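This report describes how two protein chains meet each other and how they meet two DNA strands. The contact between the chains is treated before the DNA.

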Protein chains: 2
Amino acid sequence: MPGKPKRRRRSGCPVSISLELLGDRWSLLIVRDLMVRGLRTFSEFQGAGEGIATNILADRLQKLEAAGIISAEPEPGDHRRVNYRLTEKGIDLAPVLLELLIWGARHEHTGAPCDVILNLAKNREHVLAEVRRRWLDRDPTPLLPWFVEGAKPTAEGITASMRPGKRQHQPQGGR
Amino acid sequence: MPGKPKRRRRSGCPVSISLELLGDRWSLLIVRDLMVRGLRTFSEFQGAGEGIATNILADRLQKLEAAGIISAEPEPGDHRRVNYRLTEKGIDLAPVLLELLIWGARHEHTGAPCDVILNLAKNREHVLAEVRRRWLDRDPTPLLPWFVEGAKPTAEGITASMRPGKRQHQPQGGR
DNA sequence: ATATTAGCTTGCATTTTGCAAGCGACCTTG
DNA sequence: CAAGGTCGCTTGCAAAATGCAAGCTAATAT
């Protein structure tokens, strides 16, 4: 049940429409942070990551909410904070992000170790199931390591959570 | 073998790096046109589609080529024409586009009929195999219908090429 | 030779982005 | 309860990207 059309669309092609919502350099990064890094608040997005400007961040959060991809509600105990969360529509972006991740890791120099990516690519279904499970459970433990350039070649977060065990937390921490 | 870094990257995260290359409203549309619509030349991109401006189109083609996602070579018989083609790196974007397509069709009002999308989502592997086969064979027949807003609810292009015909590889193959 | 086509480039107005600073509501501390 | 810090934004302004129309060059068609 999509909202009302804000401006005229370029075409009826679903790819084009998706790109009108998400086709910029920041929106999907915010979704990623919500999805696999357990970030929730404005200042977390701002600080931990690629250094988005606050006005852009505010704008993107607004647009993502307007598009029904995220929801915003004030933290119960502390009314300064706003907790952002993916909607179902938002969590459904997991396959898109996963494929972008795999593609980038395969074809560019990234901070992601090869074995991690191979595991991801081999276990897509399982990874996606884990992402969704964490979303349902509101489990904020980071699923993926931070992939800093020059990270260790060993997998931490992923392989663990991909192994068909039950649930494991990966105290990735640190930024 | 990625090229030399043009500007400093925001982070080592593969998603972020992918978005630096593809995170705009046009790049992936060009890739889509090459991948499933059989378009090859500048004027085809310009005319058939969402109405990209010529300067932007020229710029994107240049950047996509610089990124190794497409290649350009003059048409043998007619030296005015330039034939663009996806590289292997480019065709590897198929899963990204497919997931974007499925997501958009599922969550927005698009011109894509539901049954077509269901088929796509159910037969991801087969669709991807077909995309790759067409790329290998340089088969320019459009794989998908145009998805104009208000299109007929029946599938044309897809279902035909998705029906288990002769050869289906499961393009598991590594690299 | 002339006209047409294809693939750009250029100039310029509009929009989006990035950066730094500021601001008000809310908490915490003394 | 006043001072100060935190949080989530706005605002102002410069820089970059985008969109639009026109033009320009080389290659082909007539």
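## The contact between the chains

The contact between the two protein chains takes 44 residues from chain A and 43 residues from chain B. The model is a predicted one. On the side of chain A that touches chain B, the elements giving two or more residues are α1 (14–22), α2 (27–36) and α6 (94–107) of chain A. Of these, α6(A) makes the largest contribution, eleven residues. Sorted by class, this side of chain A holds 20 nonpolar, twelve polar and twelve charged residues.

## Symmetry of the two copies

Two copies of a chain are related by a rotation about an axis and a shift along it. Here, a turn of 180° with a shift of 0.0 Å along the axis lays chain A on chain B with an RMSD of 0.0 Å. The two copies are therefore related as by a two-fold rotation axis. Within chain A, D24(A) has the C-alpha nearest this axis, at 2.3 Å from it. Both copies use the same surface, since 98% of the contact residues of chain A recur in chain B.

## Packing of α6 against α6

Helix α6(A) packs with helix α6 (residues 94–107) of chain B at an angle of about 170°, and the two axes are 8 Å apart. An angle over 145 degrees counts as roughly antiparallel, and α6(A) is therefore roughly antiparallel to α6(B).

From α6(A), the residues in this contact are P95(A), V96(A), E99(A), L100(A) and W103(A). From α6(B), they are P95(B), V96(B), E99(B), L100(B) and W103(B). The classes in the contact of α6(A) with α6(B) are eight nonpolar, no polar and two charged residues.

## Packing of α1 against α2

A further helix pair across the chains is formed by α1(A) and helix α2 (residues 27–36) of chain B, whose axes come within 10 Å and cross at roughly 170°. Helices α1(A) and α2(B) are therefore roughly antiparallel to each other. Their crossing is right-handed.

In this pair, V15(A), S16(A) and L19(A) of α1(A) meet L28(B), L29(B) and R32(B) of α2(B). The contact of α1(A) with α2(B) comprises four nonpolar, one polar and one charged residues.

## Surroundings of DNA strand C

DNA strand C is surrounded by 19 residues, and the closest are H79(A), T41(B), F42(B), S43(B) and N55(B). Two or more residues of the surface near this strand come from each of α4 (54–66) of chain A, α3 (42–47) of chain B and α4 (54–66) of chain B. The largest share, four residues, is that of α4(B). By class, the surface near DNA strand C consists of six nonpolar, seven polar and six charged residues.

## Surroundings of DNA strand D

Around DNA strand D there are 18 residues, of which T41(A), F42(A), S43(A), N55(A) and H79(B) come nearest. At least two residues of the surface near DNA strand D are supplied by each of α3 (42–47) of chain A, α4 of chain A and α4 of chain B.

Helix α4(A) gives the most to the surface near DNA strand D, with four residues. The classes on this surface are six nonpolar, seven polar and five charged residues.

Technical notes. Residues are numbered from 1 along each chain as its sequence is written. Chains are lettered from A and ligands numbered from 1 in the order in which they are written. This is a predicted model: local features need pLDDT of at least 70, side-chain atom pairs count only at pLDDT 80 or more; totals for chains, interfaces and linings use all residues. A residue is near a molecule or strand if its C-beta atom, placed from the backbone, lies within 6 Å of it. Ala, Val, Leu, Ile, Met, Phe, Trp, Tyr, Cys and Pro count as nonpolar, Asp, Glu, Lys and Arg as charged, and the others, Gly among them, as polar. Copies are superposed by least squares on the C-alpha atoms of residues with pLDDT of at least 70 in both. Two residues are in contact if their C-beta atoms, placed from the backbone, lie within 7 Å. Axes are lines fitted to C-alpha atoms, for helices over the stretch in contact, and angles run from 0 to 180 degrees between N-to-C directions. Angles under 35 degrees count as roughly parallel, over 145 as roughly antiparallel, 65 to 115 as roughly perpendicular and the rest as oblique. A crossing is left-handed if the near helix is turned anticlockwise from the far one by less than a right angle, and right-handed if clockwise.
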